[in-house]
Amino acid sequence: MFNDKETFKQVFRERLIGTLGKPLEEASNADIYNILGNMIRENAGKNWADTNQKYKADKDKQVYYFSMEFLIGRLLGNNLLNMGVLEVVREGLAELGFSLRDVEEEEADAGLGNGGLGRLAACFLDSLASLQYAGHGCGIRYKYGLFEQKIVDGYQVELPDYWLQKDNVWEVRREDKQVEVRFWGHVDSYEENGRLVFEHKDYEAIRAVPYDVPVIGADRRHVNTLRNWSAESITEPARMFGSRGGADYHKFLEYKRSVESISEFLYPDDSQYEGKLLRLKQQYFLCSAGLQSILRTFDKLGLPYNTLPDKVAFHINDTHPTLVIPELMRILMDHKGMSWDEAWGLTTRMVSYTNHTILSEALEKWPVSMVKELLPRIHLIIEEINARFCRKLMERYPGDQDRISQMAIIYGDQVRMAHLAIVGSYSVNGVAALHTEILQKREMKLFNELYPHRFNNKTNGITHRRWLLHANPSLTGLINEAIGTRWITHPQEMIGLIKYCEDSSFQEKVAGIKRQNKLRLAEYISSKHGEKVNPDSIFDVHVKRLHGYKRQLLNILHILHLYNQIKANPSMDMVPRTFIFGAKAAPSYHLAKRTIKLINTVAHVVNNDPDVKGKVRIFFLENYSVSLAEKIIPAADVSEQISTASKEASGTGNMKFMMNGALTIGTMDGANVEMHDMVGNNNMFLFGLRAEQVMDYYQYGGYYARDIYNGDSRVKEVLDQLVMPGPICCHTQEFNQIFHSLLDNNDEFFVLKDFASYVETHIEIDRAYRNQKEWLKKSIINIGHSGKFSSDNTISRYASEIWKISPVRL
């Protein structure tokens, strides 16, 4: 494309004039972004074609990763990095009078959705391409994201997050690759040549049109594909409703609106029946469209279908795409003429499943009646899978009806999607060692006993290219100076930094980079909040989805306790602390939204109290997203990873902070456990109950929140402030719900139980930060060990141990 600044500037000027007819002085950041994006995509196009041609020629095995949350945003910088021209473009644009950072702000920022799941999938795609594996993503091309968050008077307000407001320069519409997906109707069956045939009639047909996005690997040559599907109406009225023929005008409009809603919103509110129905529609739409497309590609190879598992692997990211299993069965039986046993044998050799949670609310269940009405053929297949599975259980465990009820795929009026995913997969993996152990020994114990070799662990990872090289170029440059550049392709070689952990010169450089990142974030916060931020304070950061088990509530109660201490003793000696929050609460999760209001209320009181004298400052940064994360994470001194032990499957934010030199305060939960195994007690700050203690309390009882309230004056004081007249309560009852959730509902997530330990650990952080030499030593040790959490390592394990694929050398 271009190898030096002068060539880039010349090519760019020519493209600017040729495309827009504008001189450089009249170009906007949006113009610069669109031209750069098109240049990169065009340059990657040949490699994209070459990569796909190589796959076809070699007939190598390919993996297709299904996820409902493929949130790949901010591609410009990442693609420039992977093309090897990031610094050339950054410096070239600067000489032309433009800032690459400002240009990147023109790109739509696909929000983090309901957490890190979609961002994880994006990291995995990056690693698949960078490691030269034949691996592609299957998702939905949503019109709107989860929501854009605004904070108004301290409350979360949800606004539409319109992702497609601007043209996406990275995607290519492939109308020639469209497929048809069918809903509703009924199924007739009859015998034909001694075989039972099923025919779906009176269905509602819709078009699934793919938009392909190139996923550029770090080797520059290898370009995989993310295929996102758009739901569109059938244009021929006579085919709109299958055998029912045409429809009147009003029915057409109703149909069109119904179709468009499928790819309209990421995760519509499912608290009501209509929302649940739409989510189920979305899930089947993704699975059916993706499978039809993939199998059509396989058909072109001209190979017999018994070789399909040798050429294709399907991976489902959590339970959302579990309908891959019955849909694959439907296609193999109804369209390829296979028997049940043939189809089941192939399916269970091709599908693998990642479980991302043990929370019961996230282990999806669908009403049988809903599945039957919306997906009549799929319902029949799920019923048959369940019947055959239950017969197997009866043979294995005769008379043990309780076990069979617990394990059945269909029980009562519910289809248990996690059970279907386990039964229909050849591999089930957890995403951290502790999480996998909990699955095997507790949550999915009965399945692990039935399938002792099916469960395995693959600890999550993050792409260091995005979260270190791109997000923190100054630290990247320092690492290159110290240990060379081989770590960029072999991230575990970051361990070489450990020998510099006590080097005063290296420590000073690390400290200087951290300060510059803190100044950058402080400037951003000041621009948004109109308040000065002290860059010499400890930046204590808690950014992630807002949920009870992630315990933002514990954090803000501790801050309120700190405030009480300062009010009682204004001369109190402490290192100034800037607490930074960022989180979205699900629109229907009222307790979480009330916690956001509490954080902002405490922030208003503390930040405006002259007695505090800047010792504590609190900022809630609205609309947490990838771009905001890239500003926050490199600036953090302390990373809050304080989930209730046993609840966080893995976490990936903990890895991003560690990689950028923040020290973790956390529970022994998720990947925190593995971080601790590497860096030890001296280099992170642990507190609170262990997972086995939490689970024992859940199983056997013995914890009474009111005992803590009555026995710890600090706890009583902060809780009373939520409901008693004063600066926090202000004679309203808006925090009564929080108060009662802790006391009357017995503190489900052990906030009060861990409070004392959390307070003491924060005192330890204050003490440790005063010794900057030791603090920087701990920081460098964390950076050095973080290479293990690169998604390159994770994907290498998926590839060799689950998918059985090898790199494709171009």
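Trainee: Let me start with a single pairing. Which residue in β15 is the bridge partner of I410?

Mentor: I410 has V415 as its bridge partner in β15. Keep in mind that this is a predicted model. The pairing of β14 with strand β15, residues 414–416, is antiparallel and covers two bridges.

Trainee: In what order do the three strands of that open sheet lie?

Mentor: The order is β13-β15-β14, and the pairing is antiparallel. β13 (365–367) and β14 (410–411) are the edge strands, since each pairs on one side only.

Trainee: Now a longer strand. How do I read the side chains along β10?

Mentor: Start with the general idea. In a regular strand, side chains alternate between the two faces of the sheet. In β10, V223, T225, R227, W229, A231 and S233 point one way, while N224, L226, N228, S230 and E232 point the other way.

Trainee: Are the residues of β10 buried or exposed?

Mentor: Strand β10 spans residues 223–233, and 11 of its 11 residues are buried. That holds for the residues pointing either way.

Trainee: Which strands are joined to β10 by bridges?

Mentor: Take them one at a time. Strand β2, residues 135–140, runs parallel to β10 and is joined to it by four bridges. C138 has R227 as its bridge partner in β10. Strand β9, residues 204–216, runs antiparallel to β10, with 11 bridges between them. In that pairing, I216 stands opposite V223 of β10.

Trainee: What do β9 and β10 form, and how many residues are between them?

Mentor: They form a hairpin with six residues between the strands. In the turn, R220 has a positive phi of about 75 degrees.

Trainee: Next, salt bridges. How many does the structure hold?

Mentor: There are 54 salt bridges. To read one, ask which residues meet, where they sit in the chain and how covered they are. Take R227 and D212: their closest N and O atoms are 2.7 Å apart. R227 lies in strand β10 and D212 in strand β9, so this salt bridge ties together parts that are 15 residues apart in sequence. The cut-off for buried is under 20% relative accessible area. R227, at 15%, is therefore buried, and D212, at 3%, is buried as well.

Trainee: How far apart in the chain are D744 and R706?

Mentor: D744 and R706 form a salt bridge with their closest N and O atoms 3.1 Å apart. They are 38 residues apart, and the pair links distant parts of the chain. D744 is in the loop between α29 (736–743) and α30 (755–770), and R706 is in helix α27, residues 705–711. D744 is partly exposed at 45% relative accessibility, and R706 is partly exposed at 37%.

Trainee: What separates E801 and R797 in helix α32?

Mentor: They are four residues apart in helix α32, residues 791–803, so about one helical turn separates them. Their side chains meet in a salt bridge of 3.2 Å, N to O. E801 is partly exposed at 39% relative accessible area, as is R797 at 36%. Salt bridges can also share partners: K5, E6, K9, E91 and E95 are joined into one network in this way.

Trainee: Last, empty space. How many cavities of 30 Å³ or more are there?

Mentor: The structure holds four. The largest has a volume of about 100 Å³. Of its 13 lining residues, I72, L75, N78, D126 and V215 lie nearest the centre. α3 (75–82), α6 (117–130) and β9 each give two or more residues to that lining, and β9 gives the most, with four. By class, the lining has seven nonpolar, three polar and three charged residues.

Trainee: What is the make-up of the second largest cavity's lining, by class?

Mentor: That lining has one nonpolar, six polar and four charged residues. Among them are K544, K550, E648 and D669. The volume of this cavity is about 70 Å³.

Trainee: And what is the volume of the second largest pocket?

Mentor: About 1,200 Å³. It is lined by 46 residues, and the closest to its centre are K150, Y524, K528, E622 and N623. The largest share of the lining, seven residues, comes from α22. By class, this lining has 15 nonpolar, 13 polar and 18 charged residues.

Terms used: Residues are numbered from 1 along each chain as its sequence is written. This is a predicted model: local features need pLDDT of at least 70, side-chain atom pairs count only at pLDDT 80 or more; totals for chains, interfaces and linings use all residues. Side-chain values use heavy atoms; hydrogens and water are left out. On a 1 Å grid over the protein atoms alone, a cavity is a set of points where a 1.4 Å probe fits but cannot get out, and a pocket is an open set with protein on both sides within 12 Å along at least five of seven lines; lining residues have an atom within 4 Å of a point. Grid points are joined across faces, edges and corners, and a volume is the space filled by probe spheres set on the points. Ala, Val, Leu, Ile, Met, Phe, Trp, Tyr, Cys and Pro count as nonpolar, Asp, Glu, Lys and Arg as charged, and the others, Gly among them, as polar. Buried means under 20% relative accessible area, exposed over 50%, partly exposed in between (1.4 Å probe, protein chains only). Two strands pair if DSSP finds at least two bridges between them. A salt bridge is a side-chain nitrogen of Lys or Arg within 4 Å of a carboxyl oxygen of Asp or Glu.
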